[in-house]
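Trainee: Could you take me through one part of this protein slowly, as if I were seeing a structure up close for the very first time? I would like to look at the places where side chains carrying opposite charges meet, and then at what lies around them.

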Amino acid sequence: MRGLYMLGLVALALQGGTASAQDIFVDQSISFTLKPAIRRSPLVEARRTSPDYGWIGAIRPLPGDEPDHVVALRLQRQSRRFIGAQADISASMDASGYDHRPRSRTRMLSVEDHFALSDQVATTLGFAGLKVSNRNANVTIGSGDDRLRARDWFLPHAVVHYRPTPAITLSMDYNESMRAYGDTGFTGPLGLSRPDFEALRRSLRPEKSRIASIGGQWSGGDMMVTTSLYRADIRNGLSFANRAYLPTNIGSARLLGVKMMARHQLTPHLDWSVRYQQAAVDAMTGRFVQEREMALAAAWTSGAWRVAAQGSRSGRAALAALGTQQSPLRAEGSIEYTPVQQGRQRLRLAARFINPSRLVSIGLSGPTAMGSLHAVDQTRAVMFSADMGW
């Protein structure tokens with residue numbers, strides 16, 4: 001890792017000017033799983049844990065052959081380092097070096113216990129924790145320790161599944177989450193003036209949400225149908241306006257919504273699905289909006305390859321940053337290559353075209369439901385990724 005830093009410093013030394021900059025991710029994670037050898041349960045397929053989307057470098061869920069009792073502990077830490085040519089070195093310090101101190105740190109903790117109460121009932125209990133400390137928004141106004149902070153070490157979640165028949169599964173779910181200021185200061189200008197930074201720190205708040213839902217799933221042959229009814233509260237919603245580089249709080253709201261999805265496996269390699277969701281959003285300002293979205297998706301899988309595409313039509317967003325506009329028609333797609341897995345080793349290469357929805361009802365369960373919020377999370381973009389593990 002030291003060699004990587006030196007390489008970055010040499011590259012900067014060969015460039016002119018005093019505003020050159022580069023940021024480097026340093027990601028550390030550790031996870032433990034305790035799996036007692038207990039009898040098998042027919043509820044294994046019905047188990048669902050909180051999505052991994054919010055985790056830095058998301059780790060895949062536990063495999064489907066897990067026993068009836070699983071205790072999982074995960075701890076992740078990410079330091080986002082900024083390397084700049086005298087970018088924040090005060091003239092009075094008479095320094096001629098480069099600053100490569102950690103600028104933004106995110107720590108996440110997850111503790112979960114999955115267990116089967118009987119052949120028909122399975123439960124997941126646990127909590128998550130998040131701490132974000134980011135002083136990069138202050139990068140050009142001196143070497144002080146002022147920073148943006150957000151922390152909550154107890155965000156509980158619980159899931160109960162009940163399977164009265166092999167084809168029907170009923171569930172109850174409760175989850176709390178938090179989002180904070182991911183790449184503030186890494187995009188746009190290298191930093192803020194002192195008055196602008198102080199104004200941002202006084203006004204910006206982390207987004208917190210809680211959602212409770214009840215639902216059911218029916219599976220038969222090549223068909224699967226799911227539906228759920230949920231109630232949610234969101235406080236200090238975070239968002240980015242079009243082409244903006246700083247997040248803003250867009251308000252708080254209460255939601256009452258429904259989600260429905262039907263999936264059909266046409267052939268062993270091809271499936272398609274339709275999804276509809278609607279939510280009544282009561283903003284704290286007194287504004288009342290009905291959010292709606294209809295989506296059609298299809299996926300083709302053959303060996304190590306998977307190609308997926310989705311098109312959707314949505315109504316207006318209940319909460320949005322000023323200056324935000326989005327077409328009601330959206331399209332997304334991905335191409336993934338995953339060779340045959342052996343043991344715990346894995347490799348996945350992917351290219352994705354994303355066009356995230358601005359609906360607050362979609363964001364509650366989307367890819368940034370937990371963790372750091374980045375400008376790219378709400379921007380139309382083409383992304384390439386590699387996921388490796390052993």
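Mentor: Happily! Let us begin with D233 and R210, whose side chains meet in a salt bridge with 3.7 Å from N to O. D233 belongs to strand β8 (residues 223-239) and R210 to strand β7 (residues 207-220), so this pair ties together parts of the chain that are 23 residues apart in sequence. Keep in mind as we go that this is a predicted model.

How covered are the two partners? D233 has a relative accessible area of 21%, so it counts as partly exposed. Buried would require a value under 20%. R210 is partly exposed too, because its relative accessibility is 44%.

That pair has company, since a search of the whole structure finds nine salt bridges. Let us move on to R330 and E293, where the closest N and O atoms are 2.8 Å apart. This pair links distant parts of the chain: R330 sits in strand β13 and E293 in strand β11 (residues 288-302), 37 residues apart. Are these two buried or exposed? Both R330 and E293 are buried. They also belong to something wider, as salt bridges with shared partners join R275, E293, R330 and E332 into one network.

Strand β13 deserves a longer stop. Another of its residues, E336, forms a salt bridge with R348, with 3.5 Å between the closest N and O atoms. Here the link runs from strand β13 to strand β14 (residues 346-354), across 12 residues of sequence.

Now find S334, which is also in strand β13, a strand that covers residues 329-337. S334 counts as buried because its relative accessibility is 17%. Which residues does S334 touch, leaving out those up to four places away in sequence? They are R306, V307, A308, A351 and R352. As you look along a strand like this, remember one general point: in a regular strand the side chains alternate between the two faces of the sheet.

Next come the aromatic rings, where the count comes to two pairs. One of them is F127 with F154, a tilted pair with 5.5 Å from centre to centre and 40° between the planes. F127 lies in strand β4 and F154 in strand β5, so the pair ties together parts that are 27 residues apart in sequence. F127 is partly exposed because its relative accessibility is 25%, while F154 reaches 51% and therefore counts as exposed.

The other pair brings us back to β13. W305 and Y337 have ring centres 4.9 Å apart and planes at 50°, so this pair is tilted as well. W305 is in strand β12 (residues 305-314) and Y337 in strand β13, which puts them 32 residues apart. W305 is partly exposed because its relative accessible area is 44%. Y337 is partly exposed as well, because its value is 30%.

Let us return to β4 and β5, the strands that carry F127 and F154. β4 and β5 (residues 148-165) pair in the antiparallel sense over 13 bridges. One spot to look for is A128, whose bridge partner in β5 is L155. Strand β4 (residues 121-134) is mostly covered, with 11 of its 14 residues buried.

A charge can also meet a ring. The charged end of K259 sits over the ring of Y230, 5.3 Å from the ring's centre.

One more residue is worth finding: A280, in strand β10 (residues 270-283). A280 counts as buried because its relative accessibility is 19%. Setting aside residues up to four places away in sequence, A280 touches R254, L255, L256, F288, V289 and Q290. The C-alpha atoms of A280 and R292 are separated by 9.0 Å, and the two residues are 12 apart along the chain.

Finally, let us step back to the whole protein. It has three helices and 16 strands. Buried residues make up 40% of its 390 residues. Of the contacts with a separation of 6 or more, 66% are between residues 24 or more positions apart. The accessible surface comes to about 20,800 Å², and carbon and sulfur atoms account for 58% of that surface.

Technical notes:
Residues numbered from 1 in each chain as written. Predicted model: local features only at pLDDT ≥ 70, side-chain atom pairs only at ≥ 80, totals over all residues. Heavy atoms only, no water. Helix = DSSP H or I, 4+ residues; strand = E, 2+ residues; numbered from the N terminus. Buried < 20%, exposed > 50% of the residue type's maximum accessible area, 1.4 Å probe, protein only. Contact = heavy atoms within 4.5 Å. Areas by Shrake-Rupley, 256 points an atom, 1.4 Å probe, with all protein chains shown as cover. Pairing = 2+ DSSP bridges. Phe/Tyr/Trp six-rings, centres within 6.5 Å; stacked < 30°, edge-to-face > 60°. Lys NZ or Arg CZ within 6 Å of the ring centre and 35° of its normal. Salt bridge = Lys/Arg side-chain N within 4 Å of Asp/Glu carboxyl O.
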